[in-house]
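Let's walk through this one a piece at a time. Have the sequence and the 3D view open as you read.

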Amino acid sequence: MDEPHRTAKTDPQSDLAARLRLLQELSGLGVRALARDTGLSSSSLSRYLSGQTPPPWPAVIALCRLVKRDPRPLRPLWERASNPLPAPPKSSRQGRPRPRNDLPRDVADFTGREAQLAAVMAAVDSHRVVAVDGMAGVGKTCLAMHAAHRLAADYPDAQLYVDLHGFTEGREPLDPDSALRMLLGALDVPSEKVPREGVEELAACWRSELADRRVVVVIDNAADAEQVRPLLPGAGPSVALITSRNRLLGLDEVPPVSLDVLSPRESAELLARASGDPGGAEGRLAREPESAAEVLRLCGHLPLALRLAAARLRHRPGWTVGILVERMAEGVSEFDTAFAMSVRQLDRAQARLFRMLGLLPGGSFDAYLAASLADMPLHGARAILEDLVDAHLVQESTAGRYLLHDLVHQHARRSCAEQDSPAERERALGRFLDYYVHAAAAADAAMPFLSPGRPPSAGRPPAALPRFADKHAAFSWLVAEYENVVAAFETAAAVGADTHVCELPRFLRAYFARRCGTTHLNVLFERSLAAAERLGDPLQLADAHSDLGFARYNAGRMAEAAASYEEARAGLARLDATESEAELTLRRGYLKWDEGHVEEPLELFALAGKLYEQAGCRTGAAYAAASEAWAMLQLGHREEAAQRAREVLAAPHTDPAWPPTLTALITLGVAIAHEEPDEAADHLRRALTLAREDGHLHNEAWCLNCLGVALRRMGRHEEALESHQKAFTLLDELFEEHWKIRFLNGYAETCRLAGLPEEALRLHRQALELAPRLGHRHEEALAHEGIAALLDEADPTAAADHRAAGQAALQP
C-alpha cells in the first residue's frame, strides 16, 4: 500500500501515538479496559493514544506485552518522541533550562505489587502525598519510583528526587535545612530568594514555590517524621512520595502504604524475569522446582536479594539452579546470602573497586570518580562498573551515572574496613578529595567567571578527568555533581584537608554566578578563610580574603567587602604574586566605583591591566581594559570609552564568547548609540545573545537595561521602556534587590524623557532608599541629580537641596 503524500516532516510523537493505537486495535479493548489490564491510568493512556503526551517506556512495554508484541522496534521512535529538539522559547529568557527531571530510571523488571501500587496512586489522588514503609531491600524505592514515572506526565513542571540518607552507614542523615536548599536549587530558585536560616522559613519558601507548579517529588530514605515534615508540599497541585524503613507515625495526615516481602508467586516471577529464564518446561527454574523454591527461601522473598541471585544465574548459563543454591547456602541471612554470593563471583579488581565505592558518602557518581577512587584506568573502571551493574551490586540511575543501594553501600563499606588497611583507605579518601578539586577546576576553566584562576595545588591530579566541550557541558557537570562536590568539601573539612577546603570554593564561582548562589558561596568562603588561617600559607590566606571580599561584594555587602580587600591587600604586599594582585586590584576598582570614587577606579583598572600583562594573563588584561572602558563611559568620556572597547574587541582570541567581549560590546553599544544607532543596536543585541547563551541571568538583565539606555539615546523611548521592564522582570524573578541599584537611575531617566515624570520620580526615590544602605554612593548621587532635574520647575529649592546632597554623597 502506498504511503499518503506528506507535506511536512514526520512528527515522532504522532507516529508513536499511531503505533500505540494499532496495539489497542490488536487488543480489542476500549481505553478503560486497556488501562486496567496494563496497570495504567485511563486519563494518561488517553493522552498517550492521542499523541498529547509521550508515554514512559514501561507503559510502551506494558502495551506490547498485553498483545504479545516485541517492544524493542519501537524504542528508537519512542526516544525521538520523548526527547524532541526544544522549541524556541517564548519568553526573553532564552537560556532557561528545560524542566528538571531527577528521577532515577524505572526498573525494567518491576513485578507484582498491584495492590500496593494502586494504594499509592489512590493516596496521591486523595491526599497528594503518600509514605511507603517496609524493611530494607523490600522494594520501597522501586515502588515509589515506578509510581513517580507513571505520574510524570501529569506533573510536567519538574520531577525531583532527594535521598535523605536516613540509613546510610557512615553518613549523617540529611537535615531538613540542607534538603530544602537542594530542592529549591533543583527548581532554580535563586539563593537570594531562599531564606538564609530557619527551617520553618525554608519550608514556607518551598511550599510557596510549589503552590503554582505541578511537581512530583520522591523523598527517599526518610529516618523519621521530623526529617520529612518540612519537605511536604502545601496548598497546590504538587505531590510527594516518601519512603522509609520506619512507619512515619508522626505524619498523621500522610496515608501509609506498608510493604511486606513478595508473595511466592511474585518472587518466582521476579526471579525468572531478572535471570532471563525463558519460562515453560525448558527453563532451568521449571526443571528444578525444589531448588528454585530454595532460592526464594534463601532470598527471603526480598526483591533486592532476588535480583542479586538472578544476576548470578543469568551470567552463569552453565550453572544449574542447584549450584546457585549451594553457593548461596554459605550466607547466614537473606542479605548476607545475596551479597556474599554476588561478591564471591567478582575477580580481584572488581571486588576492590566495589569495596572502594563503600567509602563514598552516598549519592550518584560516574566512572571518572570510580577510576580515581580505585586508582585505575578509566576504561577499566567503566568495564568493572558494567560488570557490577550486571551483578545488581551497582545501579545505573541514569546513563553514565551510578549509585549503590543503602544495604549494598553498607556491605561495601564494611568489607572495605575488614579487608583494606587503614593506610589504603586513607589514600583512597585522599584520591576522592583530589578528584573533586581537580575536576571542579577543569569545569571552572571551561566557564571562566572573571579571570582564569590558578590550577589547584591540593593533592595530585587524577589520571583521567572529564573533558568539557564548552561551558554548557561544564555547567551541566556541576549541576549533576553538586551534592558530591559539597560532600567532598564537608569531608575535607572533617578530616582536616585544609588545602582542599581553601581551593574548592574558588572553582565554584562561575557555577554560583549562574545559579545566583551568592549566599551559599559566602558561607563556603568563610570556611575557606578559616582553613587558610589554619594552614598559615600567606598566599592562600590573601587569596581567601580576596575571594571572600568578592563574594561579599556580589551579595551587596560593600563594607564587609572593603574590609576583606584590605586584609588581602596587606597580605599580598609581602608577596610576589602578580596575578593575585591583579585580580584584587580589578576587584577593588569595581568596589571603588560603586562607592562613588571617580578617578581612582580608572587608575585601578589600568594598573590591573598592567599586572595581568606582567603575569602573562591575556584574558585578565582584556577584562581590565573592558572595565576601564565601562568606567570611562560612566564618566561621560564616550569617544575614549568606544575606542578602548574597540581595542578589546579587536584583540585576537579563539572563543566566540570570550568573556571580556560582553563588557566591551555593551560599552561600545551605549557609547555610540546617538551617532551610530544601527551599529550600536547590533553590538547590544549580540551582547544580549551571548548573555542568554551563557545562562548568566544577571548579565542578561544588565544587557537589557543597557539596551534600554541606548534606545533612549536613539530617541526610541517605547522600545527603551520595554527593554528596561524586561530587565526588572528578570531581577524580580531572581529576587536580587541589591542588583536593582545598578539599573534604577537609568530606567528613571528613560521614564523622564518618555514623558512619565511620576514613574521617574518613584524610581529615583527607590534608588535613593537603596543606595545608602548598600554603600553605592555613585548611584546615590545620580538619584539626587535625577530628582533635582524633575523638581527644577516645580520646586527649585528642593532641586537645589538634592543637587547639594548629591555632591555630598561623592565626598570622601
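## A covered strand

A residue counts as buried here when its relative accessible area is under 20%. Keep in mind that this is a predicted model. By that cut-off, strand 2 is mostly covered, with 6 of its 6 residues buried. Ala158, Leu160 and Val162 point one way from the strand, while Gln159, Tyr161 and Asp163 point the other way, and all are buried.

What does strand 2 pair with? It runs parallel to strand 3, and 6 bridges join the two. To find the pairing on screen, start at Ala158, whose bridge partner in strand 3 is Val215.

## The sheet around it

Zoom out a bit. There's an open sheet of 5 strands here, in the order 2-3-4-1-5, and the pairing is parallel. Strand 2 (158–163) and strand 5 (256–258) stand at the edges with a single partner strand each, so one side of each has no neighbour in the sheet. From one strand to the next, the twist averages 15 degrees. As general background, strands of a sheet pair through backbone hydrogen bonds, either parallel or antiparallel.

Another pairing to look at is strand 1 (residues 129–133) with strand 4 (residues 239–244): they run parallel and are joined by 5 bridges. Here Val129 has Ala240 of strand 4 as its bridge partner.

## A helix across the strands

Now look at helix 7, residues 140–151. This helix lies across strand 1, strand 2, strand 3 (215–220) and strand 4, and it runs at about 170 degrees to strand 4.

## Cysteines

How many disulfides turn up in a search of the whole structure? The count is 0. Take Cys299: it is in no disulfide, and the nearest cysteine sulfur, that of Cys142, is 15 Å away. A disulfide would need the two sulfur atoms within 2.5 Å.

Is Cys299 buried or exposed? Its relative accessibility is 1%, so Cys299 counts as buried. Cys64 is buried too, with a relative accessible area of 1%.

## Helix 36

Further along the chain, helix 36 (residues 744–753) is mostly covered, with 7 of its 10 residues buried. The buried ones are Leu744, Asn745, Gly746, Tyr747, Ala748, Thr750 and Cys751. In general, an α-helix has 3.6 residues a turn, so residues three or four places apart point the same way.

What follows helix 36? Look for Gly755, which has a positive phi, near 80 degrees.

Conventions. Residues are numbered from 1 along each chain as its sequence is written. This is a predicted model: local features need pLDDT of at least 70, side-chain atom pairs count only at pLDDT 80 or more; totals for chains, interfaces and linings use all residues. Side-chain values use heavy atoms; hydrogens and water are left out. Two strands pair if DSSP finds at least two bridges between them. Helices (H or I, at least four residues) and strands (E, at least two) are DSSP runs, numbered from the N terminus. Axes are lines fitted to C-alpha atoms, for helices over the stretch in contact, and angles run from 0 to 180 degrees between N-to-C directions. Contact means heavy atoms within 4.5 Å. Buried means under 20% relative accessible area, exposed over 50%, partly exposed in between (1.4 Å probe, protein chains only).
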